[in-house]
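Work through the exercises below with the structure in view. Each task is followed by a solution in steps.

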Amino acid sequence: MFAVAALAISLMSQPALPALKTATTTKTAASTQSLESGKRRPAVSSRRHHSRRIAARVNSSRRGRSNRFRRIVFPFTPLKGSHESMLRQNERTFGDDLERIQDDDQLQLLTENKELVDLPQDDSLRIAANLPIERRYCRPWTRTFLDDMSREYYTQFGQPLQVNSAVRTVLVQKKLRRRNRNAAMVDGDVASPHLTGAAIDIARRGMTKAQITWMRNYLVNLRDAGQIDVAEEFRTRCFHITVYKEYELSRLESPGSLAAPVKVIETSSEVPPGPTAEPIRVLDNEDLQQTH
């Protein structure tokens, strides 16, 4: 009886063994597969990370090139400089018999001969502190122009103009070109007019819109009259102005000018009879005899 029962129990327990083995095998295979997949995952992630880094470098390089060659758009101005303007400035300054100043020795000789004069400096005009003393000179007609413009500007706004640059020598211009690629040449048809002492730079930085508009209108009128050439520069924030001899000559001939001298003008009025009669003489601008 006991033997039969033991045989039945053994027969009933044998079919369950393969199931246990299968479960164990399945679990082992699953764990093995998970381990293998876990080992492969870092490799996939590494490839993705590498491709992303390459893409980031390419995009950064493209952005760098686009920024490097980005087009800079300046505001509109009626005083835009041009190659033709530089040619005209050199032609006109040579027409005024002006030489290009080579060095400090020639500069000193011109100042001693009064061919170059001190820049004006008063309540209506100041000079930039970083402008060397030995370069605070200009041509006489350029000084006259500065006197006129600064006084009218001061009357209008109650603030002074500032001169940032005036005469330069060829040696100074060469040094400037080493650190500023936009600086003009030292020779040729487009050389800097500063080398003759006829050009000055007026600071534009800090001006209000109303003041800039006033400057543009004032300078455009003189440019159209052929008395100056001017360019509004946005990189250095200044008005570059070359003044010609024509400016002072026109003021001397202008009937309402501050620089007009007293003239003796014979009129066509009738002469009173008598042996001592003389032609009537009229003084022009009798109360405006001040010159600059």
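A residue counts as buried under 20% relative accessible area, as exposed over 50%, and as partly exposed in between. The model used here is predicted.

**Exercise 1.** Decide whether T93 is buried or exposed, then describe its surroundings.

Solution.
1. The relative accessible area of T93 is 2%. The cut-off for buried is under 20%, so T93 is buried.
2. T93 belongs to helix α3, residues 83–95.
3. Its side chain reaches the backbone oxygen of N90 at 3.0 Å.
4. Beyond its neighbours within four places in sequence, T93 contacts L98, T196, T242 and Y244.

**Exercise 2.** Classify the ring pair of F145 and Y247 and locate both residues.

Solution.
1. The ring centres are 5.6 Å apart and the planes stand at 85°.
2. Planes over 60 degrees apart count as edge-to-face, so the F145 and Y247 pair is edge-to-face.
3. F145 is in helix α5 and Y247 in helix α8, 102 residues apart, so the pair links distant parts of the chain.
4. Both residues are buried.

**Exercise 3.** Do the same for Y153 and F157, and compare their burial.

Solution.
1. The centres of these rings lie 5.0 Å apart with planes at 50°, so the pair is tilted.
2. Y153 and F157 both lie in helix α5, four residues apart, about one turn of the helix.
3. Y153 has 2% relative accessibility and is buried, whereas F157 has 25% and is partly exposed.
4. Together with W214 and Y218, Y153 and F157 form one aromatic cluster.

How values were computed:
Residues numbered from 1 in each chain as written. Predicted model: local features only at pLDDT ≥ 70, side-chain atom pairs only at ≥ 80, totals over all residues. Heavy atoms only, no water. Helix = DSSP H or I, 4+ residues; strand = E, 2+ residues; numbered from the N terminus. Buried < 20%, exposed > 50% of the residue type's maximum accessible area, 1.4 Å probe, protein only. Polar contact = N/O pair within 3.5 Å; in protein donor to acceptor, adjacent residues only side chain to side chain. Contact = heavy atoms within 4.5 Å. Phe/Tyr/Trp six-rings, centres within 6.5 Å; stacked < 30°, edge-to-face > 60°.
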